[in-house]
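Please study the sequence and the three-dimensional structure shown here before reading on. The paragraphs that follow lead through them step by step.

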Amino acid sequence: MNSSILLQFSTASLLSDPVYYILCGVLAMAVLLGIHFMSKVETARQGNLISAVAVALGIVITLIKKDILPVWLIYPGMAIGLIFGLILAKKVKMIQMPQLVALLNGIGGAASAIVASFALVSLYQSPDVFGKVTASLAIVIGTITLFGSLIAAGKLHKVISQKPVVLPLHQVITTILLVVLLFSIVSGGFLNNFSFPVLLSVMLIFAAAFGVVFSVRVGGADMPITISLLNSLSGLAAAIAGFAVTDILLVAVGGIVGASGLFLTQIMCKAMNRNLADILLGKTSVQGKGESKTEKAPEVAATEEVAATVNPAEVVKGVKKVIIVPGYGMALAHAQHLVKSLAQKLTADGATVKYAIHPVAGRMPGHMDVLLIEAGVPFEDVYEMDDINEEFKDADVAIVVGANDVLNPAARNAEGTPIYGMPILNVDQCSKIIIFNYDLKPGYSGVDNPIYNRKEGVWVIQGDAKDTVAQFLSEL
Amino acid sequence: MNLIQYILLGVFVVASVVGYLLINNVPSRLHTPLMSGMNALSGITILGALLATATALSSSNPVVGYVFGSLAIILAMINVAGGFAVTNRMLKMFGKKKEDNNEQ
């Protein structure tokens, strides 16, 4: 054992080393089993329970192994955290899940950074390079996660402006901060020529600055990527802190979280046609280089004229197959209950109704699903993009509520626009499309949606989805 | 590096790879509960926080150590409790609403 922290406690332990390591292995497996159970809706809840029990047992065996069970001063902190956590989980609204997850990412990062700081203090004069480098790395990553997450959560909660902020020389600043951080990690590990408080301050200040600079340039649509990445970092910080304090369970579980976050980030990147490497280098915002058409106004008028000739309520009369495409606009307007009522009405009239969800709909992965389920939509009716994309051409009507970029056909052919190459929902293949959107402005990407200009089979109903869907429902 | 550090590296790699493969099977409709569940798991850093706090209490500077150690314990515990509880709340919704709809 290299760590002085461990030496102090491993001498008089109740649990022998082999038993302790076997228990750690079993608990790590239990966590993996819990995640495995998350692959089915039916078993997911048990999976979560298994993971929770595993973590609880992990705490207990650590307390026993390190002989800190009778150190009563640790319990008030646990009780306070427990109460705060439970209150937070009870009070949060489902639409606020992205900011809650962002906040928890940050809190996890902060805890790991503190743990790693303790490790670095105790190891600073020792020759244990591995311990010192990992401790330094965990301090830096944990602090980046904390400040990056606070900015992201602040944006999501609308405490600070949601607009992407790009500083002058943003990329240069990012690079300088990274170089300084790298240097501080190296000095933490190999050189002892700085006083500890100076080194720690440099790490904290520059990591905090990097976290802020990284997150301020993120706009709304890039949030899913950013949150997934910060999720990954919070796990990574824990795992690396685990190296520094030589805790096997911490390393194992932290690694699992880090890998999962990275995987989700990758999915989000693919769904938005973004490059993971770019994201990691801090290019967290889309450059709005989409060309705006100047002759938009008259074309829009034409669409409305067509719409006026046939009442959209007539369009859904007697249809057999309907696909509803909900976007974040629906969630913003709190229109999911109305959309469910619309689906129920259509079902009662003999149609099959399915929901099509784009991977980046909402502000975090899977957010739209949760909002629909909360509104009472059966999860069997909610389909992922790849599972339903072939069905649009056979559907009688596609109903879009508050979505734009994720169905913009420009993604297929408009080279040079930010959405080019991004997989989209094939709404345009449907013969009749009813669109409930706030306005006809381009979506977040800044690219005009050609569907709005289609001469036939498109009904655009502008306004707050809560009002327009309610109005539409009353006409059925 | 000593033996235990190599073992830790091995554990890290295996856990990451297996975790990555398992998460591949989680359907995208469960990605939000998956992420909040991961929040809870990242609170596992509480193990380090407990150890560090207990160590600090027997050190030469117990008060500072206790304050920061307790802060880490509180933060990590918020993650563990809040993460698991909110994940459970969401997953309960997935299960319950289905039954409700079947009854209709």
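**A guided reading of the structure**

At 49% relative accessibility, A:Phe183 counts as partly exposed, because this value falls between the limits for buried and exposed residues. The model is a predicted one, and the values discussed below are computed from it. A:Phe183 belongs to helix α7 of chain A, which comprises residues 170-189. Together with A:Val129, A:Val186, A:Phe190, A:Leu191, A:Phe194 and A:Val198, A:Phe183 makes up a nonpolar patch on the surface. The accessible area of these residues together is about 580 Å².

The annotated segments of chain A may be considered next. An unreviewed UniProt entry carries the annotation "transmembrane region" for several stretches of chain A, among them residues 47-64, 133-153 and 165-190. In the model, residues 47-64 of chain A are 100% helix and 0% strand, and the C-alpha atoms at the two ends of the span are 26 Å apart. Residues 133-153 of chain A are likewise 100% helix and 0% strand, and here the end C-alpha atoms lie 30 Å apart.

Chain B can be read in a similar way. According to the unreviewed UniProt entry, the annotation "transmembrane region" covers residues 6-26, 38-57 and 63-87 of chain B. Residues 6-26 of chain B are 86% helix and 0% strand, with 31 Å between the end C-alpha atoms. For residues 63-87 of chain B, the helix content is 100% and the strand content 0%; the end C-alpha atoms of this span are 36 Å apart.

Is A:Val55 buried or exposed? With a relative accessible area of 1%, A:Val55 is buried, because the limit for a buried residue is under 20%. A:Val55 is located in helix α3 of chain A. Although A:Val55 and A:Val31 are separated by 24 residues in sequence, their C-alpha atoms are 8.0 Å apart in space.

Attention now turns to charged side chains. Over all chains, the structure holds seven salt bridges. One of them pairs A:Asp17 with A:Lys65, and the closest N and O atoms of this pair are 2.4 Å apart. A:Asp17 lies in helix α2 (residues 17-37) of chain A and A:Lys65 in helix α3 (residues 41-65) of chain A, so the salt bridge ties together parts that are 48 residues apart in sequence. The two partners can also be described by their accessibility. A:Asp17 has a relative accessible area of 33% and is partly exposed, whereas A:Lys65, at 4% relative accessibility, counts as buried.

A further salt bridge joins the side chains of A:Glu391 and A:Lys354, with an N to O distance of 2.9 Å. This pair links distant parts of the chain, 37 residues apart: A:Glu391 is in the loop between α17 (385-388) and β4 (397-401) of chain A, while A:Lys354 is in strand β2 (residues 352-357) of chain A. A:Glu391 counts as buried at 17% relative accessibility.

The side chains of A:Asp428 and A:Arg412 also meet in a salt bridge, again with 2.9 Å from N to O. A:Arg412 is in helix α18 of chain A, and A:Asp428 is in the loop between α18 (410-413) and β5 (433-437) of chain A; the two residues are 16 residues apart. The relative accessible area of A:Arg412 is 38%, and A:Arg412 is partly exposed. Elsewhere, A:Lys321, A:Lys354 and A:Glu391 are joined into one network by salt bridges that share partners.

Which residues form a positive surface patch? The patch consists of A:Arg45, A:Lys90 and A:Lys91 together with B:Lys92. A:Lys90 is part of helix α4 (residues 74-91) of chain A. Its relative accessibility of 68% places A:Lys90 among the exposed residues, because exposed means over 50%.

Two residues in loops complete the tour through their backbone angles. Most residues other than glycine have a negative phi. A:Lys158, however, has a positive phi of about 60° although it is not a glycine. A:Lys158 lies in the loop between α6 (129-156) and α7 of chain A, and A:Lys158 is exposed with a relative accessible area of 53%. A:His334, also a residue other than glycine, has a positive phi near 55°. A:His334 is placed in the loop between α14 (328-332) and α15 (336-348) of chain A. With a relative accessible area of 45%, A:His334 is partly exposed.

Methods: Residues are numbered from 1 along each chain as its sequence is written. Chains are lettered from A and ligands numbered from 1 in the order in which they are written. This is a predicted model: local features need pLDDT of at least 70, side-chain atom pairs count only at pLDDT 80 or more; totals for chains, interfaces and linings use all residues. Side-chain values use heavy atoms; hydrogens and water are left out. Patches are made of residues with over 30% relative accessible area and no salt bridge: like charges are joined within 9 Å, nonpolar side chains (Val, Leu, Ile, Met, Phe, Trp, Tyr) within 5 Å. Accessible areas come from the Shrake-Rupley method with a 1.4 Å probe; for residues, only the protein chains shown count as cover. A salt bridge is a side-chain nitrogen of Lys or Arg within 4 Å of a carboxyl oxygen of Asp or Glu. Lys and Arg count as positive and Asp and Glu as negative; His and the chain ends are not counted. The place of a charge is taken as NZ of Lys, CZ of Arg, CG of Asp or CD of Glu. Helices (H or I, at least four residues) and strands (E, at least two) are DSSP runs, numbered from the N terminus. Buried means under 20% relative accessible area, exposed over 50%, partly exposed in between (1.4 Å probe, protein chains only). UniProt positions are given in the numbering used here, feature names are shortened, and annotations may be inferred rather than shown by experiment.
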